[in-house]
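Work through the exercises below with the model in view. Try each task before you read its solution.

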Amino acid sequence: MSGHAGRRRPRGPTRALAAPAALIAAALAAAAPARAAEPRSAIPWLSESIQSVAPPAPSAAPASPGAPAGGDGEITVTPLPAVSRDAIGLLPPESTGFSRRLWDGQSAEAVRDQILDAPGTGVPAAQALFQRLLLAEADPPAGAGAETSVLVARLDRLLGIGALEQAAALVEAAGPDTPDLFRRWFDTGLLLDRAAEPCAALRQNPALSPTLPARVFCLARGGDWGAAEITLTLGQQLGQIDADEQALLARFLDPELFEEAEEPPIPDPLTPLDFLMREAVGLPRPPGALPNAFLVQDLTEHTPMRMRIEAAERLALTGAIDDGPLFAAYRSGEPAASGGVWDRAEAVQALDAALDAPPDARPPEAPPTQAQPAEAPAGSAAVLAAPLAAADAALGARGLRVAFARAYADRLAQIDAAGWPGPDRDRLAQLLLLAGRPDAAAAIPDPGPAVAAALALARAAPDAPRPATEPPSELARFALAGLTAADAADDRERALASLVATGRQGEALLGALALVAAGPAVDPQGLRAALLTLRLAGQTEAAHAIAVETLLADAAP
């Protein structure tokens, strides 16, 4: 874990002069006020990094020049109203297509609950639309104030997905100067190996009251090992830390002293601070799956290949990362065994080798016979069909077919598959459709029924001519109806359309996304309602992508 404080501290005299014991004791003894009841959260594992933040002094608007002075000669000032940070986002309406009044007609509490309750699952295009909602800049809902409950809910969903970079950018744009925002900034910094700024804020801002574990960690992180040890000792004497926390912190500060000692128990819940300190001193991870946000630590080139692939796959499946880190993990070494992640890595590397092989321009020595056909030149389109099929099958079985299609889109679009058998041509066309390349897919001759249906979905519009053949499945029929219908067909569709018509766009979009949360296993009528709602809400491009991915994400020939 590069850059963290868990490295062995320097031996020699304790540098307690950097933080005299009396001053540290005074800081610890000044008990901070109890934290107010926290708003509802989707994250059970946040570190208790601070106890409170001192309230800022009331702000005041300066008097205009020439304004009358008060009776004592002082200028009269007027307090400014608090501005809600629930409006803050990274994506302006111009880039999202959302209304600036995205949350009209709803209270802040209702919006918070809808965001926390939203499944946020489905095909990758549905996940991406949900993330855009979380990152959107929009007017705050009614009743939003200094509590930032909607902003906190959005951050929690990003952290739950494992989208740490997005969460970090959002909390920094808001300014992490409340207890709830600071805790999320602190933990995001830890998990991204960027703890220096939060730790500096704890040292430099007297309004922040850190908990003892956070104080000890940051002192050590800054190289002040003596002050960290004194703080830990005094905190234990003052009863501000329990035995398990003390054991972990002591081992973190000087792991060599505890090489033969019994391992401290794994905390429940395991916070990012606990996790990083345990990783720093080589303590085992808990059994079972770690939270998605913790897996970002495993994407580095120093992580063992299997762990790196497993982390990248999980984060890709939630939409937290794009295909780049995933395929970098598959290519990070030689597969060490067979089955599972190793089969997927081997399939990716075999496809890479086939794509990279230079064409062999040498003509065959003798004309081919029927019994012994000529081998296709290395690197030619004909020899790509088999490794492409193998990679598609391997990654599709893990739910990563869309990521696979996007990763290879440019190279797949260059393949001339005119001589391929029908199933291989259809596979290539399906992958191009999943990659958002309908024109390249349409250029492949003699499409099968599934490809023809997906092409119809990619190009569907209310005023477009109906496809020449009927869609081959109930799912395809309802998807096409959702992309072409002019009016709602049942009470559910009318209710969602009414939300859009009355300006409640955010609520309508979350409702539509909930209907497609099951991905390819979606109810066909729910898919129609969702696609119609997305179109009415101005998200036609997302509707087309969701329809195509729903039809093809699990549909390898």
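**Exercise 1: The largest pocket**

Task: Find which helix gives the most residues to the lining of the largest pocket.

Solution. The structure is a predicted model. Start with the answer: α26 gives the most, with 7 residues of the lining. Next, list the helices that each supply at least two lining residues: α4, α13 (305-318), α17 (401-407), α19 (422-434) and α26 (540-552). Now go to the centre of the pocket. P124, A125, V402, R406 and E549 lie nearest to it, out of 41 lining residues. Then sort the lining by class: 20 residues are nonpolar, 12 are polar and 9 are charged. Last, take the volume, which is about 970 Å³.

**Exercise 2: Helix α4**

Task: Check the length of helix α4 against the expected span, then decide whether α4 is enclosed or open.

Solution. Step one: α4 covers residues 124-135, which makes 12 residues. Step two: at 1.5 Å a residue, the helix should span 16 Å. The count used is one less than the number of residues. Step three: the end C-alpha atoms are 16 Å apart, so the two values agree.

Now turn to burial. A residue is buried when its relative accessible area is under 20%. In α4, 9 of the 12 residues pass this test, so the helix is largely enclosed by the rest of the structure. The buried residues are A125, A126, Q127, L129, F130, Q131, L133, L134 and L135.

**Exercise 3: Unusual backbone spots**

Task: Locate the cis peptide bond, and state whether D193 and D446 are buried, partly exposed or exposed.

Solution. Take the peptide bond first. It joins D268 and P269, with omega of about 5°. P269 sits in the loop between α11 (243-253) and α12 (272-280).

Next comes D193. Its phi is positive, about 60°, although D193 is not a glycine. D193 lies in the loop between α7 (179-191) and α8 (196-204). Its relative accessible area is 29%, so D193 is partly exposed.

Finish with D446. Its phi is also positive, near 50°, and D446 is not a glycine. D446 belongs to the loop between α20 (438-442) and α21 (449-459). Exposed means over 50%. D446 has 59% relative accessibility, so D446 counts as exposed.

**Exercise 4: The whole protein**

Task: State how many helices and strands the protein has, and what share of its residues is buried.

Solution. Count the elements: there are 26 helices and 4 strands. Then take burial: 47% of the 557 residues are buried.

Note on methods:
Residues are numbered from 1 along each chain as its sequence is written. This is a predicted model: local features need pLDDT of at least 70, side-chain atom pairs count only at pLDDT 80 or more; totals for chains, interfaces and linings use all residues. Side-chain values use heavy atoms; hydrogens and water are left out. Buried means under 20% relative accessible area, exposed over 50%, partly exposed in between (1.4 Å probe, protein chains only). On a 1 Å grid over the protein atoms alone, a cavity is a set of points where a 1.4 Å probe fits but cannot get out, and a pocket is an open set with protein on both sides within 12 Å along at least five of seven lines; lining residues have an atom within 4 Å of a point. Grid points are joined across faces, edges and corners, and a volume is the space filled by probe spheres set on the points. Ala, Val, Leu, Ile, Met, Phe, Trp, Tyr, Cys and Pro count as nonpolar, Asp, Glu, Lys and Arg as charged, and the others, Gly among them, as polar.
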